[in-house]
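Colleague: I'd like a close look at one spot in this model. Could you take me through it slowly?

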Amino acid sequence: MAKYDVDEVKLRQLEEYIDSIEQKEGALIGVLYKAQEIFGYLPKDVQLFIARKLGIFAAKVYGVATFYSYFTMEPRGKHVINVCMGTACFVKGADKILEEIKKELDIKDGNMSKDGLFTVDTLRCVGACGLAPVVMVDGKVYGRVKVEEVKGILDEYRE
Amino acid sequence: MPLRMELLVCGGTGCQASNSSRVLEVLREGIQEANLQEEVRVLMTGCFGFCEKGPIVKVMPDNIFYVEVDEESARKIVREHVIKGRIVEEKIYKEPETEERLPEQSSIPFYKKQIRIALRNCGKIDPENINEYIASDGYMALARVLTEMTPEEVIDAVKRSGLRGRGGGGFPTGLKWEATRKSKSDVKYIICNADEGDPGAFMDRSILEGDPHSVLEGMAIAGYAIGAQFGYIYVRAEYPLAIHRLRIAISQAREMGLLGKNILGTNFSFDVEIKIGAGAFICGEETALINSIEGGRGEPTVKPPYPAQVGLWKKPTNINNVETFANVPPIILNGAEWFSSIGTEKSKGTKVFALAGKVNNVGLVEVPMGITLREIIYDLGGGIKGGKKFKAVQTGGPSGGCIPAEHLDTPIDYDTLNALGSMMGSGGMIVMDEDDCMVNIAKFYLEFSCDESCGRCTACRVGNKRMLEILNKITEGKGEMEDLEMLKELAETVKDSSLCGLGQTSPNPVLSTMKFFYDEYLAHVKDKSCPAGVCTELLKYYIIPEKCVGCTACAKVCPVNVIHGEPRKVHVIDREGCIKCGECYRTCRFGAITRK
């Protein structure tokens with residue numbers, strides 16, 4: 001096997017998953033999901049590995065990985081904060097919440113805090129418009145968030 | 001002990017975020033303690049739709065509707081209502097105007113004008129238990145179709161019902177089925193489009209969470225009608241609860257022989273698999289969705305050929321939206337004539353809308369086609385929050401437009417909304433008040449379309465970007481009159497020369513706001529002011545001399561020291577150096593600072 005600059009154990013785990021798929025045609029997105037679950041993101045070498053395993057061009061893997069907003073090629077923080085930027089949240093001031101989170105975490109460039117604890121992202125409508133504005137931390141939904149509550153929410157994850 | 005009472009707890013995403021799972025536990029604990037578990041049952045249902053007042057708990061057969069239930073009131077409901085039969089008054093919905101308590105769901109104004117067909121079981125049954133669906137006539141339509149009707153008769157019934165695609169386009173469902181039926185192929189597919197990407201829309205999510213079997217049954221009926229053996233549900237990754245409930249529903253249906261080989265002992269076989277999207281709005285477009293299921297980039301392709309001829313894996317494929325499928329079983333059971341008796345001449349049946357934004361009762365409503373916007377916003381929605389003035393209602397998400405007050409009495413259906421420069425879309429309905437800047441709203445939607453454009457067509461990829469740049473210029477106070485003309489011309493070009501629905505409709509928010517709120521654009525461009533006070537760079541801060549007490553608080557927080565004045569004397573802002581940060585505005589306790 002060619003040498004890949006990533007964690008060997010994790011790569012083995014991914015290989016087992018790919019080997020277990022019967023219908024390899026059309027499986028790419030599912031494989032990328034699994035890879036991101038294992039590695040936390042999609043490093044270049046993992047994409048290369050997937051391309052060779054599935055017998056498709058690396059360009060196709062890269063093309064798909066960059067097309068969908070779910071996939072990321074940057075390492076992510078331990079906790080992922082998502083601020084909903086759907087219309088209902090937007091008209092209720094989601095941008096101010098996002099600003100406050102970034103201020104609180106001292107994030108100026110990019111979207112990860114320096115200690116690697118948090119990644120801040122936005123997403124398009126979680127469908128909880130009745131609770132706008134909405135913030136999600138690791139899948140837990142916080143509704144009707146006020147700027148003054150941001151610190152308290154982040155503190156829950158800081159221990 | 002026979003069962004004497006059921007407590008239905010809303011398990012929709014909205015109520016769960018307000019802790020309804022904990023309410024459910026507390027209710028169960030209380031009933032356990034009172035040793036009533038034999039006669040009182042607590043179950044989690046799908047969304048009741050009244051998200052504004054969640055968590056909701058409904059007590060049956062007493063038909064009492066409790067709102068905003070927390071742990072403490074849950075204990076009280078057990079103590080008072082369940083054990084002693086006394087209603088917990090303070091948790092009954094209070095009509096804001098008359099202050100009257102309305103204990104019955106159907107008497108609450110929010111529910112009064114609703115006709116629930118697609119949402120018929122949401123908030124009534126336990127979505128994780130197939131027997132409850134079956135007890136509500138579930139899978140009866142499938143049984144009738146398989147044993148009493150030919151595929152042609154099924155298609156004919158759907159055609160006569162007048163059902164049109166609920167995903168946005170409004171294409172007649174029966175015609176779509178017929179086209180796919182007529183395509184000759186040994187393998188055909190059914191796809192359920194559950195990639196509900198419009199910001200501010202959550203109808204499909206609620207159906208999938210609250211009544212997943214209705215969608216599976218609709219898909220199986222469609223499969224029988226067009227001759228497909230297999231179906232996919234393409235659902236957004238952002239909807240984990242919907243995915244979870246669908247998985248349970250599929251496995252239960254398989255166990256019961258309602259999916260899989262030889263359904264109900266007939267020679268019809270049909271199975272369903274879930275495909276999870278990876279976050280691309282464009283995948284709501286049917287050809288893009290097909291590319292995504294095949295594992296590629298979700299870019300649309302040229303039509304024709306239509307998916308009905310060449311679809312998934314090059315086989316004939318029929319794609320319908322979640323709500324469309326949920327409408328199918330009642331049409332079969334109650335007849336095409338029943339369905340077509342509801343609605344307007346060209347739009348039959350009901351439509352589910354996700355009512356959100358600056359309206360008192362945020363939530364999910366299912367109303368007959370032809371109802372007016374005013375009825376939805378004021379009668380069901382309870383009017384505008386905080387007594388503010390209505391400005392516009394946005395329908396159809398990034399593909400739709402903003403409708404102003406003068407058109408509030410338009411009876412809404414697919415065609416009237418199109419005529420207003422908006423569209424039905426999937427059913428998002430966002431209410432905006434006087435504090436919303438329409439130029440900023442147009443910018444918001446355009447940012448969305450720029451992000452989500454797949455980049456294939458130049459007009460959409462570059463045109464939307466150029467339009468966004470112009471809007472940025474305008475909201476920063478650097479706009480000129482030529483920009484407005486340019487904006488309009490670009491919008492029309494993008495509409496005319498894009499391949500798919502995204503590009504063809506992405507200029508709608510700009511065009512409709514320019515049509516109905518041109519004065520706001522002019523104010524930004526000519527007077528360099530934002531009438532709603534939203535566009536920060538255009539704001540000017542003033543101190544109202546009559547209200548200023550000279551407490552010096554504003555001067556202290558001003559980061560650039562441009563507020564001057566002696567203690568206990570009226571202060572003044574020197575606007576020359578003001579950076580418009582708004583700190584003084586937020587700090588003043590006397591309401592003496594204003595901005596326009």
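Leaving aside its neighbours within four places in sequence, which residues is B:C283 in contact with?

Modeller: Happy to. This is a predicted model, so local features need pLDDT of at least 70 and side-chain atom pairs count only at pLDDT 80 or more, while totals for chains, interfaces and linings use all residues. Residues are numbered from 1 along each chain as its sequence is written, chains are lettered from A and ligands numbered from 1 in the order in which they are written, and side-chain values use heavy atoms, without hydrogens or water.

Now to your cysteine. B:C283 sits in the loop that joins β9 (271-276) to α12 (286-293) of chain B; helices here are DSSP runs of H or I with at least four residues, strands runs of E with at least two, numbered from the N terminus. Its relative accessibility is 0%, so B:C283 counts as buried (under 20%; over 50% is exposed and in between is partly exposed, with a 1.4 Å probe and protein chains only). Once those sequence neighbours are set aside, B:C283 is in contact (heavy atoms within 4.5 Å) with B:D195, B:Y234, B:A288, B:L289, B:S292 and B:G298, plus A:Y68 from the other chain. For a residue elsewhere in chain B, try B:R86: its C-alpha atom is 51 Å from that of B:C283, and 197 residues separate the two along the chain.

That A:Y68 contact takes us to where the chains meet. There, 31 residues of chain A are in contact with 50 of chain B. Together the chains bury about 3,100 Å², with 61% of that coming from carbon and sulfur atoms (accessible area lost on putting the two parts together, 1.4 Å probe, summed over both). On chain A's side, A:F67, A:T87 and A:R124 supply 23% of what the chain buries against chain B, more than any other three residues.

The rule finds 1 salt bridge across this interface (a Lys or Arg side-chain nitrogen within 4 Å of an Asp or Glu carboxyl oxygen). The side chains of A:R144 and B:E52 form a salt bridge at 4.0 Å, N to O. Helices α2 (28-39), α4 (58-67) and α5 (87-91) of chain A each give at least two residues to the side touching chain B, and α4(A) gives the most, with 5 residues.

Back in chain B, have a look at α10 (residues 212-226) too. 15 of its 15 residues are buried, so α10(B) is largely enclosed by the rest of the structure. Right after α10(B) comes B:G227, whose phi is positive, near 90°.
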